[in-house]
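Thanks, everyone, for making the time this morning. I would like to walk through one model with you, beginning with its sheet and moving outwards from there, so please have a look at it on the screen.

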Amino acid sequence: MHGMGKAGAIGTALLVVDVVCTSVAAFDADFFVATDGRDAASGRTAQPVGDDGPFATLDRARRAVRELRQAEPDRQRPIVVAVRGGLYHLPQTLAFHPEDSGTEKAPVIYQAFPGEEPVLSGGTAIRDWDVRDGRWEKT
């Protein structure tokens, strides 16, 4: 911003912030899931806004997709669930059944939010390991 007045630098900074915020808000999905979400929220926004925001779990998003399919049985466009980046611990198996499937004209799509990488982990963290006689043991 060399050679730019203070007002020009501020205007440029505001433009950059506006572009970043607009790209998050403009991503078209029916539901969002995020590590900072809440399952009591609507799941309709990509980031928390007041008491609303994305869901916290894929299970809640799956149930919302089922509800939407029942509410719109003649839907003619995909149902999209965008999963924000971060680590999602799955305390139980996440199972999809026929009622979670879409149709030819309205497929159900779960996808990573653009530019982000969600990681789903069904593993259990084991702490307090020790090495004894060349073997790992839980203490």
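Let me fix a term before anything else: two strands are taken to pair if DSSP finds at least two bridges between them, and the strands themselves (E, at least two residues), like the helices (H or I, at least four), are DSSP runs numbered from the N terminus. This is a predicted model, in which local features need pLDDT of at least 70 and side-chain atom pairs count only at pLDDT 80 or more, while totals for chains, interfaces and linings use all residues. Residues are numbered from 1 along each chain as its sequence is written, and side-chain values use heavy atoms, with hydrogens and water left out.

With that settled, the sheet is an open one of three strands in the order β1-β2-β4, and the pairing is parallel. The edges are held by β1 and β4, each of which has a single partner strand, so one side of each is left without a neighbour in the sheet. From one strand to the next the twist averages 20°, where axes are lines fitted to C-alpha atoms, for helices over the stretch in contact, and angles run from 0 to 180 degrees between N-to-C directions. Three bridges join β1 to β2, and Phe-31 has Val-81 of β2 as its bridge partner.

How is β2 covered on its faces? I will call a residue buried under 20% relative accessible area, exposed over 50%, and partly exposed in between, with a 1.4 Å probe and protein chains only. On one side of β2 lie Ile-79, Val-81 and Val-83, on the other Val-80 and Ala-82, and all are buried. As a general matter, side chains in a regular strand alternate between the two faces of the sheet.

That brings me to the cores, each being a set of buried Ala, Val, Leu, Ile, Met, Phe, Trp, Tyr and Cys residues joined through side-chain atoms within 4.5 Å. The largest has 14 residues, of which Phe-31, Val-33, Phe-55, Val-65, Val-81 and Val-83 touch the most other members. To this core β1, α2 and β2 each supply at least two residues, and α2 gives the most, with five. A second, separate core of seven residues includes Ala-29, Ala-46, Val-80 and Ala-82.

Turning to the helix, α2 covers residues 58-71 and reaches 20 Å from its first C-alpha to its last, close to the 20 Å expected, the expected span being 1.5 Å times one less than the number of residues. Its buried residues, among them Leu-58, Ala-61 and Leu-68, pack against β1, β2, β4 and β5. Arg-62 also counts as buried, because its relative accessibility is 10%. Taking contact as heavy atoms within 4.5 Å, and not counting residues up to four places away in sequence, Arg-62 touches Leu-94, Ala-95, Phe-96, Asp-100 and Tyr-110.

Finally, Thr-103 sits in the loop between β3 and β4 and is partly exposed, with a relative accessible area of 40%. The side chain of Thr-103 reaches the backbone nitrogen of Ala-106 at 2.9 Å.

Technical notes. Polar contact = N/O pair within 3.5 Å; in protein donor to acceptor, adjacent residues only side chain to side chain.
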